[in-house]
Amino acid sequence: MGTLLGIIALLVTLVAFIPLLGVLNWIAIPLSIIFLIICVIIKSDNGKTLCIVSIIVGILRLLLGGGIV
């Protein structure tokens, strides 16, 4: 269950890499944080790792794109 949540979070973050969809990161990051909390509760190590990667990638994308693009 936790791995599935991590994969979903990572897929949403990867879709945000498409040009002009960078605003999607503003949805992907909070979604990944919520999924991370769920993964911590259900003790899924793979899910936690995927969610953390998704959060880091989303934040880096926002920093490189100036917060919007």
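**Exercise 1. The loop between H2 and H3**

Lys43 is found in the loop between H2 and H3. The model is a predicted one. Task: state what is notable about phi of Lys43, and decide whether Lys43 is buried or exposed.

Solution.
- Step 1. Take the backbone. Phi of Lys43 is near 60°.
- Step 2. Set the background. Most residues other than glycine have a negative phi.
- Step 3. Compare. The phi of Lys43 is positive, and the residue is not a glycine.
- Step 4. Take the accessibility. Lys43 has a relative accessible area of 70%. The cut-off for exposed is over 50%. Lys43 is therefore exposed.

**Exercise 2. The salt bridge**

Task: find which side chains meet in a salt bridge, and place the partners along their helix.

Solution.
- Step 1. Count. The structure has 1 salt bridge by the rule used.
- Step 2. Name the partners. Lys48 and Asp45 join through their side chains, with 3.4 Å from N to O.
- Step 3. Check the distance. The limit is within 4 Å, so the pair at 3.4 Å qualifies.
- Step 4. Place the pair. Lys48 and Asp45 both belong to helix H3. They are about one helical turn apart, because 3 residues separate them.
- Step 5. Grade the accessibility. Asp45 has 53% and counts as exposed. Lys48 has 24% and counts as partly exposed.

**Exercise 3. The largest nonpolar core**

Task: list the residues of the largest nonpolar core, and say which element gives the most to it.

Solution.
- Step 1. List. The core has 7 residues: Leu5, Ala9, Phe35, Leu36, Cys39, Cys51 and Ile55.
- Step 2. Assign. H1, helix H2 (25-41) and helix H3 (45-65) each give two or more residues to this core.
- Step 3. Rank. H2 gives the most, with 3 residues.

**Exercise 4. The nonpolar surface patch**

Task: name the residues of the nonpolar patch on the surface, then look at Met1 and Ile37.

Solution.
- Step 1. List. The patch is formed by Met1, Ile33, Ile34, Ile37, Ile38, Ile41 and Ile42. Together they have about 680 Å² of accessible area.
- Step 2. Take Met1. Met1 sits in the segment before helix H1 (2-15). Its relative accessibility is 70%, so Met1 is exposed.
- Step 3. Take Ile37. Ile37 is part of helix H2. Its relative accessibility is 48%, so Ile37 is partly exposed.
- Step 4. Link back to the salt bridge. Lys48 is one of its partners. The C-alpha atoms of Ile37 and Lys48 are 8.3 Å apart, with their positions 11 residues apart along the chain.

**Exercise 5. Pairs far apart in sequence**

Task: give the C-alpha separations of Leu14 and Val57, and of Thr3 and Val40.

Solution.
- Step 1. Start with Leu14. Leu14 is in helix H1. At 47% relative accessibility, Leu14 is partly exposed.
- Step 2. Cross to Val57. The two C-alpha atoms are 8.6 Å apart, and the residues are 43 apart along the chain.
- Step 3. Turn to Thr3. Thr3 is also in helix H1. With a relative accessible area of 31%, Thr3 is partly exposed.
- Step 4. Cross to Val40. The C-alpha atoms of Thr3 and Val40 are 11 Å apart, at 37 residues apart in sequence.

**Exercise 6. Rings**

Task: count the aromatic pairs, and find which residue lies over the face of Phe17.

Solution.
- Step 1. Count ring pairs. There are 0 aromatic pairs.
- Step 2. Look over the ring of Phe17. Arg61 lies over its face, 5.9 Å from the ring centre.
- Step 3. Check the cut-off. The limit is within 6 Å, so 5.9 Å passes.

Definitions and conventions:
Residues are numbered from 1 along each chain as its sequence is written. This is a predicted model: local features need pLDDT of at least 70, side-chain atom pairs count only at pLDDT 80 or more; totals for chains, interfaces and linings use all residues. Side-chain values use heavy atoms; hydrogens and water are left out. Patches are made of residues with over 30% relative accessible area and no salt bridge: like charges are joined within 9 Å, nonpolar side chains (Val, Leu, Ile, Met, Phe, Trp, Tyr) within 5 Å. Accessible areas come from the Shrake-Rupley method with a 1.4 Å probe; for residues, only the protein chains shown count as cover. Helices (H or I, at least four residues) and strands (E, at least two) are DSSP runs, numbered from the N terminus. Buried means under 20% relative accessible area, exposed over 50%, partly exposed in between (1.4 Å probe, protein chains only). Rings of Phe, Tyr and Trp (its six-membered ring) pair if their centres lie within 6.5 Å; planes under 30 degrees apart count as stacked, over 60 as edge-to-face and the rest as tilted. A charge sits over a ring if NZ of Lys or CZ of Arg is within 6 Å of the ring centre and within 35 degrees of the ring normal. A nonpolar core is a set of buried Ala, Val, Leu, Ile, Met, Phe, Trp, Tyr and Cys residues joined through side-chain atoms within 4.5 Å.
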